[in-house]
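Me: I would like to go through this model feature by feature. Please give the general idea each time, and then the case here.

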Amino acid sequence: MSERNTTEESGPLLGPADVRELAAALGVRPTKQRGQNFVIDANTVRRIVRTADVRPDDVVVEVGPGLGSLTLALLEVADRVTAVEIDDVLAAALPATVAARLPERADRFALVHRDALHVTELPGPAPTALVANLPYNVAVPVLLHMLERFPTIERTLVMVQAEVADRLAAGPGSKVYGVPSVKANWYAEVKRAGAIGRNVFWPAPNVESGLVSLVRRAEPLPSRASREEVFAVVDAAFAQRRKTLRAALAGWAGSAQAAEAALVAAGVSPQARGESLAIESFIAIAENKTPAPDAGDQEPTR
């Protein structure tokens with residue numbers, strides 16, 4: 001099948017020839033620095049929208065829309081789509097692409113020209129879903145930032161490097177279970193939702209891609225400790241993976257003895273390692289940290 005035939009069958013969506021022609025007109029070359037790989041297959045973006053369970057009443061936020069392949073597929077289904085794009089040229093061109101290919105939905109589209117890591121508010125109604133082909137180099141920080149900043153996001157589907165997808169969806173005891181796995185679980189139930197071949201991208205990446213589904217917990221995990229306090233335990237536990245938690249958490253707790261006391265109080269073996277613990281155990285450890293004595297409570301040195 002030729003590129004042109006594929007384009008004709010894609011309707012308002014972007015086919016391979018469309019993507020290359022649009023990129024050439026804009027003088028755009030995908031850059032490794034920003035982890036850009038543009039999707040050129042209409043069937044793939046429609047599959048992503050289906051897998052994401054996008055509904056007619058959804059307000060979807062998309063990060064890294066690029067030339068608009070996924071944006072257009074989302075606009076076909078969702079009530080509204082807000083795209084967050086850091087690239088100056090791509091951000092300037094996207095509204096025109098939407099207006100040209102889906103004119104009847106153009107008023108349902110909004111663009112935020114910013115680095116997603118610095119976005120703290122979005123125009124229009126609060127988002128209910130996040131669907132994105134995330135740039136590989138910032139996928140995890142962007143995902144966690146959006147989940148933290150926008151608690152109304154109920155469902156998330158992101159396309160990321162397969163290795164990152166495995167990490168996000170890993171459970172305790174897995175070799176790839178780590179900080180992303182635990183932090184994502186703070187917000188949501190996480191699972192792998194499929195694989196994506198290299199040939200649907202331009203340029204084709206050197207790695208496989210995967211889909212990750214995150215469904216926000218109906219009720220937040222019960223915790224007397226704040227998110228920041230729990231995440232501090234997680235960061236400390238995995239900073240030195242080979243060490244026992246008694247040793248790895250010594251700096252966080254103030255001493256190895258204080259770390260052991262918090263672990264025992266939380267019902268966790270001081271000899272355990274971070275990769276064996278579920279998010280609930282990290283919460284319990286954070287809840288049982290003994291506060292450091294105030295400077296005023298200490299005897300002055302002579």
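Reply: Start with strand 6, where 7 of the 7 residues are buried, so this strand is largely enclosed by the rest of the structure. Buried means under 20% relative accessible area, exposed over 50%, and partly exposed in between, with a 1.4 Å probe and protein chains only. Helices (H or I, at least four residues) and strands (E, at least two) are DSSP runs, numbered from the N terminus. The model is predicted: local features need pLDDT of at least 70, side-chain atom pairs count only at pLDDT 80 or more, and totals for chains, interfaces and linings use all residues. Residues are numbered from 1 along each chain as its sequence is written, and side-chain values use heavy atoms, with hydrogens and water left out.

Me: Which strand pairs with strand 6 in the parallel sense, and over how many bridges?

Reply: Two strands pair if DSSP finds at least two bridges between them. Strand 5 (residues 129-133) runs parallel to strand 6, with 5 bridges. Within this pair, valine 131 has leucine 157 as its bridge partner. Between the two strands the chain passes through helix 6 (residues 139-149), and this β-α-β crossover is right-handed. A crossover is called right-handed if, with the strands pointing away from the viewer, the path from the first strand over the helix to the second runs clockwise.

Me: Which strand pairs with strand 6 in the antiparallel sense?

Reply: That is strand 9, and 7 bridges hold the pairing with strand 6 (residues 155-161). Threonine 156 stands opposite leucine 214, and valine 160 stands opposite glycine 210. Strand 7 (residues 188-196) is also joined to strand 9 by 7 bridges and runs antiparallel to it. There, leucine 214 is the bridge partner of valine 190. Strand 9 has 6 of its 8 residues buried, so it is largely enclosed by the rest of the structure.

Me: Where else does a parallel pair come with a crossover?

Reply: Strand 3 (residues 80-84) and strand 4 (residues 109-112) are parallel, with 4 bridges. Helix 5 (residues 88-101) carries the chain from strand 3 to strand 4 in a right-handed β-α-β crossover. One facing pair is valine 81 and phenylalanine 109.

Me: How should I read the buried residues of a helix?

Reply: An α-helix has 3.6 residues a turn, so residues three or four places apart point the same way. In helix 13, the buried residues are Ile279, Phe282, Ile283, Ala284, Ile285 and Ala286. They pack against helix 8 (179-187), helix 9 (227-239), helix 11 (250-253) and helix 12 (256-265). In helix 2 (residues 16-26), Pro16, Ala17, Asp18, Val19 and Ala23 are buried.

Me: Is threonine 44 buried or exposed?

Reply: Threonine 44 is buried, at a relative accessible area of 7%. This threonine 44 belongs to helix 3 (residues 42-51). Contact means heavy atoms within 4.5 Å. Apart from neighbours within four places in sequence, threonine 44 is in contact with Val39, Ile196 and Val200. By contrast, threonine 290 is exposed, with a relative accessible area of 52%. Threonine 290 lies in the segment after helix 13 (279-287).

Me: What about backbone geometry?

Reply: Most residues other than glycine have a negative phi, and most peptide bonds are trans. Aspartate 53 is not a glycine, yet its phi is positive, about 55°. Aspartate 53 sits in the loop between helix 3 and strand 2 (59-63), and counts as partly exposed at 37% relative accessibility. Glycine 27, just after helix 2, has a positive phi of about 70°. The peptide bond between tryptophan 202 and proline 203 is cis, with omega about -10°. Proline 203 lies in the loop between strand 8 (201-202) and strand 9 (209-216).

Me: How many helices and strands does the protein have, and what share of its residues is buried?

Reply: There are 13 helices and 9 strands, and 49% of the 302 residues count as buried. The C-alpha atoms fill a box of roughly 80 × 40 × 35 Å along the principal axes. Of the contacts between residues at least 6 apart in sequence, 69% join residues at least 24 apart.
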